[in-house]
Amino acid sequence: MTPQQIVEAFIAAWNRMDIPAALAMMRDDAVWENVTIGPARGMAEIQAAMAQFPAVDGIDFVTHHIAVNGNVVLTERTDRFLIGGRWRDLRVMGTFEIDGAGRIAHWRDYFDMAEMQREFA
């Protein structure tokens with residue numbers, strides 16, 4: 001798969017709420033960085049960081065634009081989470097670095113913390 005296809009498959013796994021499949025697309029030593037919050041390094045830290053977010057009833061990551069340069073994929077998205085019967089939207093700019101084996105080595109998301117606090121309050 002190309003880097004773009006890998007990221008598209010990763011997003012599709014999130015949208016199916018198949019978190020094990022999404023995490024399997026990442027390296028064991030991957031870094032997941034919500035730039036306004038900080039990085040999680042390695043699968044144990046990534047899973048612990050994800051566990052801090054509220055439980056969701058649905059996920060819909062909508063990709064508006066995607067760009068690729070070598071092994072780096074940029075996404076402009078709206079990440080939507082169904083919580084308590086209401087969709088909560090967060091505008092996100094994401095960067096994915098894909099290693100030579102086709103796995104996500106580094107995933108960075110940039111978003112407005114005020115928007116996140118307003119949506120998830």
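1. Let's start with Arg 86. At 38% relative accessibility, Arg 86 counts as partly exposed. Keep in mind throughout that this is a predicted model. The side chain of Arg 86 meets that of Glu 119 in a salt bridge, at 3.9 Å from N to O. This pair ties together distant parts of the chain, with Arg 86 in strand S5 and Glu 119 in helix H4, 33 residues apart. On the helix side, Glu 119 is buried, with a relative accessible area of 17%.

2. Which residues of helix H4 are buried? Helix H4 covers residues 113-120, and its buried residues are Glu 115, Met 116 and Glu 119. They span an arc of only 100 degrees around the axis, so they sit on the same side of H4. What do the buried residues of H4 pack against? Their partner is strand S5, residues 86-98. Turned away from that buried side is a face carrying the exposed residues Gln 117 and Arg 118.

3. Have a look at the start of H4 while you are there. A side-chain oxygen of Asp 112 reaches to within 2.8 Å of the backbone nitrogen of Ala 114.

4. Now the charged pairs in general. Side chains of opposite charge can pair when their charged atoms come close. How many salt bridges does a search of the whole structure find? The search turns up 11 salt bridges. One to click on is Arg 80 with Asp 89, where the closest N and O atoms are 2.9 Å apart. Asp 89 is partly exposed, with a relative accessible area of 30%, and Arg 80 also falls in the partly exposed class, at 22% relative accessibility.

5. Another pair to check is Arg 27 with Asp 99, whose side chains meet in a salt bridge at 3.5 Å, N to O. Here too the link joins distant parts of the chain: Arg 27 is in strand S1 (residues 26-34), Asp 99 is in the loop between S5 and S6, and they are 72 residues apart. Arg 27 is partly exposed, with a relative accessible area of 27%. Don't stop at the pair, though: Arg 27, Asp 29 and Asp 99 are linked in a network of salt bridges.

6. Back to strand S5, this time for Thr 95. Is Thr 95 buried or exposed? Its relative accessibility is 9%, so Thr 95 counts as buried. Leaving out residues up to four places away in sequence, Thr 95 touches Val 72, Val 73, Leu 74, His 106, Trp 107, Arg 108 and Tyr 110.

7. Two of those contacts, Leu 74 and Tyr 110, come up again on the surface. Together with Val 35 and Met 93, Leu 74 and Tyr 110 make a nonpolar surface patch of about 300 Å². Tyr 110 belongs to strand S6, residues 104-110, and is partly exposed, with a relative accessible area of 38%.

8. Last, a backbone detail. Which residue has a positive phi although it is not a glycine? That is Met 17, with a phi of about 60 degrees. You will find Met 17 in the loop between helix H1 (3-15) and helix H2 (19-24). At 35% relative accessibility, Met 17 counts as partly exposed.

Key. Residues are numbered from 1 along each chain as its sequence is written. This is a predicted model: local features need pLDDT of at least 70, side-chain atom pairs count only at pLDDT 80 or more; totals for chains, interfaces and linings use all residues. Side-chain values use heavy atoms; hydrogens and water are left out. Buried means under 20% relative accessible area, exposed over 50%, partly exposed in between (1.4 Å probe, protein chains only). Helices (H or I, at least four residues) and strands (E, at least two) are DSSP runs, numbered from the N terminus. The arc is that of the directions from the helix axis to the C-beta atoms. Contact means heavy atoms within 4.5 Å. A polar contact is a pair of N or O atoms within 3.5 Å; within protein, one must be able to donate a hydrogen and the other to accept it, and residues adjacent in sequence count only if both atoms are side-chain atoms. Patches are made of residues with over 30% relative accessible area and no salt bridge: like charges are joined within 9 Å, nonpolar side chains (Val, Leu, Ile, Met, Phe, Trp, Tyr) within 5 Å. Accessible areas come from the Shrake-Rupley method with a 1.4 Å probe; for residues, only the protein chains shown count as cover. A salt bridge is a side-chain nitrogen of Lys or Arg within 4 Å of a carboxyl oxygen of Asp or Glu.
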